[in-house]
Structures are given as structure tokens and as C-alpha cells.
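Visitor: Walk me through this one, please. I will ask how each label is earned.

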Amino acid sequence: MQIQAMQQAIWQVVSLIPSGKVATYGQLAKLAGFPGQARAVGRCLSQLPEQSQLPWHRVINAQGRISFPADSAAYREQKQRLLAEGIEIARGRISLRLYGWQP
DNA sequence: TTTGCGGCTGTAA
DNA sequence: CTTACAGCCGCAA
């Protein structure tokens, strides 16, 4: 499997996450056809071009947390985008039960 | 060529 | 709640 094809598949599924919902890295990896490749999802997203329209902010880890250091600019950016979509973040966690995307 | 480190995760203690 | 650990695998040093 070419890394590029994988990237394509991953970007594809990420683009499907509806506004107001979130998905986990592992979940997306599985949907894209690469179970167990959660890190590949994070890697792809980290390589997104600046002007990308992909909803990268709707991707969080399996613990319902943002996978960035809480003091980083990236963390604040993602948090703001999520709040802007009406997603609630209590004690640094997002309820997957309420906001988790069910394809 | 080996190593350490990621936007990770499930299991177990 | 916390560590710990085994899988995962591309990438930069």
C-alpha cells in the first residue's frame, strides 16, 4: 500500500465528519480501511496544507481529548473551532456518547 | 543502519 | 484516576 493512497483514503473519511460531531483517530483509520493505523491519521493531518478545508479539528483521541499539549496554540485553535460548532468540552474532555460521529 | 518519537489505542494492573 | 506495555509505522536525526 502506497502512503499516498492511504493519505487519500484518510482525507476522504475525515471530510465526511459532519459539523458538530467528532471522530477518533482509530475510528477513522478503520473506516479508511486501515485498522490499527491510528497514528497514520494523525500523521496525515499534521501534513495538511495551511489552506486545507478538511475538518481536522473534528478529530480527537479515543479518550475524548484533544491530542495536543493543553498549553499549545494548536490546542487552543482546535478547542475554539469545536466550541464554535456547539461541541461541549467539560474538564478537557468531549463526550463521545453525545458528539461521537456514528457513520 | 539503528533509534527515538510522534495529533494513537486496547488491555491490564 | 495513574502507569505500563505491546502493537502500529513513517520520518528525521
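Guide: Start with E88, in the loop between helix 4 and helix 5. Keep in mind that this is a predicted model.

Visitor: Why is E88 called partly exposed, rather than buried or exposed?

Guide: Buried means under 20% relative accessible area and exposed means over 50%. E88 has 46% relative accessibility, so it counts as partly exposed.

Visitor: What does E88 touch, leaving out residues up to four places away in sequence?

Guide: E88 touches R93, I94 and Y99. E88 and Y99 are 11 residues apart in sequence. From C-alpha to C-alpha they are 8.4 Å apart.

Visitor: How can E88 touch Y99 with C-alpha atoms 8.4 Å apart?

Guide: Contact means heavy atoms within 4.5 Å. The 8.4 Å is a distance between C-alpha atoms.

Visitor: Why is R91 called exposed?

Guide: The cut-off for exposed is over 50%. R91 has 74% relative accessibility, so it counts as exposed. R91 is also found in the loop between helix 4 and helix 5.

Visitor: What makes the phi of R91 worth a remark?

Guide: The phi of R91 is positive, about 55°, although R91 is not a glycine.

Visitor: Now R58. Why is R58 called buried?

Guide: Buried requires under 20% relative accessible area. R58 has 10%, so it is buried. Its place is in the loop between helix 3 and strand 2.

Visitor: What surrounds R58, not counting residues up to four places away in sequence?

Guide: R58 touches I17, P18, S19, G20, K21, V22, A23, L82 and E85.

Visitor: What makes the pairing of the R58 side chain with the backbone oxygen of I17 a polar contact?

Guide: The limit for such a pair of N or O atoms is 3.5 Å. The R58 side chain reaches that backbone oxygen at 3.2 Å.

Visitor: Step back to the whole fold. What is the order of elements in chain A?

Guide: From the N terminus on, the order is α-β-α-α-β-α-α. Chain A has 5 helices and 2 strands.

Visitor: How do you know that chain A agrees with a compact globule?

Guide: A compact globule of 103 residues would have a radius of gyration near 13 Å. Chain A has 13 Å, so the value agrees. Along its principal axes, the C-alpha trace spans about 40 × 30 × 20 Å. Buried residues make up 38% of the 103 residues.

Visitor: What share of contacts between residues at least 6 apart in sequence joins residues at least 24 apart?

Guide: In chain A, that share is 63%.

Visitor: Which residues touch the most other members of the largest nonpolar core?

Guide: They are I10, V14, I17, L28, V41, L45 and V59, out of 19 residues. Helix 1, helix 2 and helix 3 each give two or more residues to this core. A second, separate core has 9 residues, including V22, I66, L82 and I94.

Visitor: Which residues does L45 contact, leaving aside neighbours within four places in sequence?

Guide: L45 is in contact with V14, Y25, L54, W56 and V59.

Visitor: On to the DNA. Which residues come nearest to DNA strand B?

Guide: Y25, R39, N61, A62 and S67 come nearest, of the 13 residues around the strand. Sugar and phosphate account for 44% of the atoms of DNA strand B that come within 4 Å of the protein. The largest share of this surface, 4 residues, comes from helix 3. By class, the surface has 7 nonpolar, 5 polar and 1 charged residues.

Visitor: How do you know that base nitrogens of DNA strand B meet polar atoms of R39 and W56?

Guide: The distances fall within the 3.5 Å limit. A polar side-chain atom of R39 lies 2.5 Å from a base nitrogen. A polar backbone atom of W56 is 3.0 Å from a base nitrogen. At S67, a polar backbone atom is 2.8 Å from a sugar or linking oxygen of the strand.

Visitor: What surrounds DNA strand C?

Guide: I3, G36, Q37, R39 and R43 do. Sugar and phosphate make up 85% of the atoms of DNA strand C that come within 4 Å of the protein. A sugar or linking oxygen lies 2.7 Å from a side-chain N or O atom of Q37. For the side chain of R43, the corresponding distance is 3.2 Å.

Note on methods. Residues are numbered from 1 along each chain as its sequence is written. Chains are lettered from A and ligands numbered from 1 in the order in which they are written. This is a predicted model: local features need pLDDT of at least 70, side-chain atom pairs count only at pLDDT 80 or more; totals for chains, interfaces and linings use all residues. Side-chain values use heavy atoms; hydrogens and water are left out. A residue is near a molecule or strand if one of its heavy atoms lies within 4 Å of it. A polar contact is a pair of N or O atoms within 3.5 Å; within protein, one must be able to donate a hydrogen and the other to accept it, and residues adjacent in sequence count only if both atoms are side-chain atoms. Ala, Val, Leu, Ile, Met, Phe, Trp, Tyr, Cys and Pro count as nonpolar, Asp, Glu, Lys and Arg as charged, and the others, Gly among them, as polar. A nonpolar core is a set of buried Ala, Val, Leu, Ile, Met, Phe, Trp, Tyr and Cys residues joined through side-chain atoms within 4.5 Å. Buried means under 20% relative accessible area, exposed over 50%, partly exposed in between (1.4 Å probe, protein chains only). The radius of gyration is taken over C-alpha atoms; the globule rule is 2.2 Å times the number of residues to the power 0.38.
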